[in-house]
Amino acid sequence: MKIILKSFFILIILFQINTSFSQGINQKLTNNKTGEVILIGQCTLDAFLKDKFIEWYKPEFNSYKYNLQKKILDSIKPQLTDISIKIVLGTWCSDSREHFPHFMTVLDYLEFDNKNLTIICVDRNRIAGTVPTDYLNIVRVPTFIIYREKIELGRIIETPIESLEKDLLKIFKGIYTQTH
């Protein structure tokens, strides 16, 4: 009987731990004054394929497929070893609504492994709920931060200088600086 009780309590504890971790993903926040619903904190791509977010995400994602600079992306593809990417965006922000889906189209073409991708959504004050972002020094959104083995190679801030593809290539070549 003691073994059954211990097993039962262990299962309850594991369930509570799992529930507490899963509650922190894809959270929504509603502005009481405007009724605007935004995503906040760490998110997965699934969050953008639901509710009102799909209304802007999917059309922008699909339209950029026709604008991809594939030759440039093909030269980037071999350089993706040990690369991770953090994206900080605001679902309330017009630049995020445009460039985030475009960037995801680029990553889709590159067959980038989404396990190396972190998406963080912030409110209008650049706060991501309980997810710390101060160390990222986010000034404008969206911000795409490219890392190799946890060392920042570069970032695209708000809008690309030339294009997402050309800016990424310059980041990988080590000749990219953005001063937005």
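The following legends describe close-up views of a predicted model.

**Figure 1. A salt bridge joins Glu36 and Arg124.**
The side chains of the two residues meet with an N to O distance of 3.3 Å. This pair connects distant parts of the chain, its members being 88 residues apart. Glu36 belongs to the loop between strand 1 (27-30) and strand 2 (37-43), whereas Arg124 belongs to the loop between strand 4 (117-121) and strand 5 (143-148). Arg124 is partly exposed, its relative accessible area being 48%. Across the whole structure, the search returns seven salt bridges, including the one shown here.

**Figure 2. Asp113 and Lys115 are paired in a salt bridge.**
Here the N to O distance between the side chains is 3.8 Å; the pair qualifies because a salt bridge requires the nitrogen to lie within 4 Å of the carboxyl oxygen. The two partners fall into separate accessibility classes: Asp113 is partly exposed at 37% relative accessibility, while Lys115 is exposed, with a relative accessible area of 69%.

**Figure 3. Glu152 and Arg155 form a salt bridge.**
The closest N and O atoms of this pair are 2.9 Å apart. Glu152 has a relative accessibility of 35% and is classed as partly exposed. Arg155, at 16%, is classed as buried, because the buried class covers values under 20%.

**Figure 4. Arg140 makes a side-chain contact with Glu158.**
Arg140 is located in the loop between strand 4 and strand 5, and the loop between these strands also holds Arg124 of Figure 1. With a relative accessibility of 33%, Arg140 is partly exposed. The side chains of Arg140 and Glu158 are joined by a polar contact of 3.5 Å. Arg126 lies 14 residues from Arg140 along the chain, and the C-alpha atoms of these two arginines are separated by 8.2 Å.

**Figure 5. Thr105 of helix 4 contacts the backbone of Phe61.**
Thr105 lies within helix 4, which spans residues 94-109. This threonine is buried, with a relative accessible area of 1%. A polar atom of the Thr105 side chain is 2.8 Å from the backbone oxygen of Phe61.

**Figure 6. Cys121 and Cys43 are shown without a disulfide between them.**
The closest cysteine sulfur to that of Cys121 belongs to Cys43, at a distance of 3.7 Å. This separation is too far for a bond, because a disulfide requires the two sulfur atoms to be within 2.5 Å. The search of the whole structure accordingly lists zero disulfides. Cys121 is buried, at 0% relative accessibility. Another cysteine, Cys93, is also buried, with a relative accessibility of 9%.

**Figure 7. Nonpolar residues line the largest cavity.**
The structure contains one cavity of 30 Å³ or more, and the largest cavity encloses about 40 Å³ of space. Its lining consists of Ile76, Leu80, Ile85, Leu107, Leu110, Phe112, Leu168 and Phe172. By class, these comprise eight nonpolar residues, with no polar and no charged residues.

Technical notes. Residues are numbered from 1 along each chain as its sequence is written. This is a predicted model: local features need pLDDT of at least 70, side-chain atom pairs count only at pLDDT 80 or more; totals for chains, interfaces and linings use all residues. Side-chain values use heavy atoms; hydrogens and water are left out. Helices (H or I, at least four residues) and strands (E, at least two) are DSSP runs, numbered from the N terminus. Buried means under 20% relative accessible area, exposed over 50%, partly exposed in between (1.4 Å probe, protein chains only). On a 1 Å grid over the protein atoms alone, a cavity is a set of points where a 1.4 Å probe fits but cannot get out, and a pocket is an open set with protein on both sides within 12 Å along at least five of seven lines; lining residues have an atom within 4 Å of a point. Grid points are joined across faces, edges and corners, and a volume is the space filled by probe spheres set on the points. Ala, Val, Leu, Ile, Met, Phe, Trp, Tyr, Cys and Pro count as nonpolar, Asp, Glu, Lys and Arg as charged, and the others, Gly among them, as polar. A polar contact is a pair of N or O atoms within 3.5 Å; within protein, one must be able to donate a hydrogen and the other to accept it, and residues adjacent in sequence count only if both atoms are side-chain atoms.
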